[in-house]
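Me: I'd like to go through this one label by label and see what each label rests on. Can you walk me through it?

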Amino acid sequence: MPSWIDIIIRSFVFLALLFFMTKILGKKQISELSFFEYVSGITIGSIAGEAITGLEKNMLQGMAAIIIFSLATLLVDILALKSKSFRDFIEGRGTVLIKDGKVLEENLKKEKYTIDELSALLRQKNIYRVADVEFAVLEPRGTISALLKKENRPLTPKDLQMKVPSEKEPQTVIMDGSILNEALRSSGKSRGWLATELEKLDLTLDNVFIAQVDSYGELTVDIYDDKLQVPSPSERPLLLATLKKTQADLEIFSLETHDEKSKTMYEKNAKLLQETIDKLTPYLSS
Amino acid sequence: MTIATSVKQCLANLKGIEAQLSSLALNSNDKGAQEVFHDTMLTIASVKKDLQTRVLELERLEPQYKG
């Protein structure tokens with residue numbers, strides 16, 4: 001057998017083997033979170049490379065080594081699920097490098113990190129002043145996780161005591177011109193609804209590259225022809241504008257009328273509408 | 001524009017708002033949003049009712065603007 005045919009056969013066999021092994025090990029292996037997974041990932045890769053090109057050796061030896069390494073990783077993963085102390089031993093624990101805004105030199109020395117390396121890691125997180133950090137941990141994988149001091153964290157609506165509506169994830173209902181039934185079902189819409197919405201936009205199904213439904217049941221589409229302008233949904237901002245106009249109308253009526261009874265009626269309703277507007281604004285302004 | 005026509009126009013706007021809120025309440029996926037849309041729809045309905053009575057009164061007072 002010529003050696004190049006051997007290489008082709010070996011390549012496909014090992015591709016299949018590696019594929020199934022990573023399928024069994026799952027996403028955890030890919031993310032290489034722990035030391036063990038990191039090591040086994042590299043080793044499995046080099047064994048495969050060696051076994052494919054090392055033609056003088058038996059292919060089965062390489063396969064056995066890969067299977068052993070994968071099963072060992074799997075076993076460790078299962079044991080780590082069961083026992084916390086085993087987990088700490090195998091996967092390692094994070095080392096606290098900064099606490100209460102102070103660098104812990106002892107721990108830094110223990111991990112053999114210099115202050116330059118620490119600041120480089122912090123810079124990768126867009127932190128340039130050590131004084132801004134409240135707490136930082138060196139993860140087992142060698143990355144750093146830092147918690148900024150409260151005053152240095154980005155402002156959130158919660159800080160401003162703003163009320164924001166909760167939002168569900170948008171569902172992609174059309175992809176490449178075909179309807180995705182499962183997404184359509186989880187967004188709670190029917191094919192008939194989708195057909196009506198597309199007709200409203202003057203589009204046919206095969207024109208649509210991608211279409212998403214947001215949590216308000218509005219459809220956003222992107223079409224193949226980028227020269228065509230598709231209107232973006234503006235129903236809610238328009239509704240808010242109409243509400244404001246109606247509220248203003250009622251106030252005008254209340255000023256214009258001379259009839260005391262209807263004056264109070266208009267005033268009461270203008271106030272009601274104002275309350276409604278305040279309530280709806282977070283939901284209607286997009 | 002007479003008062004009667006502008007009140008009627010306002011009434012028509014309110015009807016539109018009510019319909020849109022009801023459709024938003026039906027189309028939203030989020031429970032909280034659904035509730036807010038539904039509640040405000042009911043408020044709008046009560047405002048609408050008040051305005052409807054006023055339109056009838058105006059028509060009685062000024063029959064020439066009836067219609």
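Reply: Sure, what follows is a set of questions about the labels, each checked against its cut-off. Keep in mind that this is a predicted model.

Me: Let's begin where the chains meet. How do you know that Asp30(B) and Lys168(A) form a salt bridge?

Reply: The N to O distance between their side chains is 3.2 Å. The cut-off is 4 Å, from a Lys or Arg side-chain nitrogen to an Asp or Glu carboxyl oxygen, so the pair qualifies. This one crosses between chains: Asp30(B) is in the loop between helix H1 (3–27) and helix H2 (31–61) of chain B, while Lys168(A) is in the loop between strand E4 (144–148) and strand E5 (171–175) of chain A.

Me: What makes Asp30(B) buried or exposed?

Reply: Asp30(B) has a relative accessible area of 6%. Buried means under 20%, so Asp30(B) is buried. Its partner Lys168(A) comes out at 38%, and because that value falls between 20% and 50%, Lys168(A) is called partly exposed.

Me: And why is the pair Arg54(B) and Asp259(A) called a salt bridge?

Reply: Same kind of check: the N to O distance is 3.6 Å, and that is within 4 Å, so the label holds. Here too the pair runs from one chain to the other, with Arg54(B) in helix H2 of chain B and Asp259(A) in the loop between helix H10 (235–256) and helix H11 (260–284) of chain A. Arg54(B) is at 7% relative accessibility, under the 20% limit, so the residue counts as buried. Asp259(A), at 33%, counts as partly exposed.

Me: Which residues are linked with those two in a network?

Reply: The salt-bridge network takes in Asp259(A), Lys261(A), Arg54(B) and Glu57(B).

Me: What are the totals between chain A and chain B?

Reply: There are four salt bridges between chain A and chain B, and seven residue pairs are in polar contact, both residues at pLDDT 80 or more. On the side of chain A that touches chain B, the elements giving two or more residues are H10 and H11. H11(A) supplies the largest share of that side, with 13 residues. In contact terms, 35 residues of chain A meet 29 residues of chain B. The two chains bury about 2700 Å² between them, 62% of it on carbon and sulfur atoms. Over all chains, the salt-bridge count is 16.

Me: Now a pair within chain A. How do you know that Arg93(A) and Asp88(A) form a salt bridge?

Reply: Their side chains come to 3.7 Å, N to O. With the limit at 4 Å, that counts as a salt bridge, so the label stands. Arg93(A) has 61% relative accessibility, which is over 50%, so Arg93(A) is exposed. Asp88(A), by contrast, is among the buried residues of helix H5 (residues 84–91), along with Ile90(A) and Glu91(A).

Me: What covers the buried residues of H5(A)?

Reply: The cover includes helix H2 (27–31), helix H3 (35–53) and helix H4 (59–82) of chain A. Just after H5(A), Gly92(A) has a positive phi of about 80°.

Me: Thr73(A) is next. What makes Thr73(A) buried or exposed?

Reply: Thr73(A) sits in helix H4 of chain A with 1% relative accessibility. The limit for buried is 20%, so Thr73(A) is buried. Leaving aside neighbours within four places in sequence, Thr73(A) is in contact with Leu25(A), Gln29(A), Phe36(A), Glu37(A) and Ser40(A).

Me: Why are Thr73(A) and Ser40(A) said to be in polar contact?

Reply: Their side chains are joined at 3.3 Å. Polar contact asks for N or O atoms within 3.5 Å, so this pair passes on distance.

Me: One for the surface: which residues make the nonpolar patch?

Reply: Trp4(A), Ile8(A), Phe12(A) and Leu15(A) make a patch of about 480 Å². Ile8(A) belongs to helix H1 (residues 3–25) of chain A. Patch residues need over 30% relative accessible area, and Ile8(A) has 39%, so Ile8(A) passes that test.

Me: Last one: why is Glu275(A) called partly exposed?

Reply: Glu275(A) is in helix H11 of chain A, and its relative accessible area is 48%. Exposed needs over 50% and buried needs under 20%, so partly exposed is the label that fits Glu275(A).

How values were computed:
Residues are numbered from 1 along each chain as its sequence is written. Chains are lettered from A and ligands numbered from 1 in the order in which they are written. This is a predicted model: local features need pLDDT of at least 70, side-chain atom pairs count only at pLDDT 80 or more; totals for chains, interfaces and linings use all residues. Side-chain values use heavy atoms; hydrogens and water are left out. Buried means under 20% relative accessible area, exposed over 50%, partly exposed in between (1.4 Å probe, protein chains only). Helices (H or I, at least four residues) and strands (E, at least two) are DSSP runs, numbered from the N terminus. Patches are made of residues with over 30% relative accessible area and no salt bridge: like charges are joined within 9 Å, nonpolar side chains (Val, Leu, Ile, Met, Phe, Trp, Tyr) within 5 Å. Accessible areas come from the Shrake-Rupley method with a 1.4 Å probe; for residues, only the protein chains shown count as cover. Contact means heavy atoms within 4.5 Å. Buried area is the accessible area (1.4 Å probe) that two parts lose on being put together, summed over both. A polar contact is a pair of N or O atoms within 3.5 Å; within protein, one must be able to donate a hydrogen and the other to accept it, and residues adjacent in sequence count only if both atoms are side-chain atoms.
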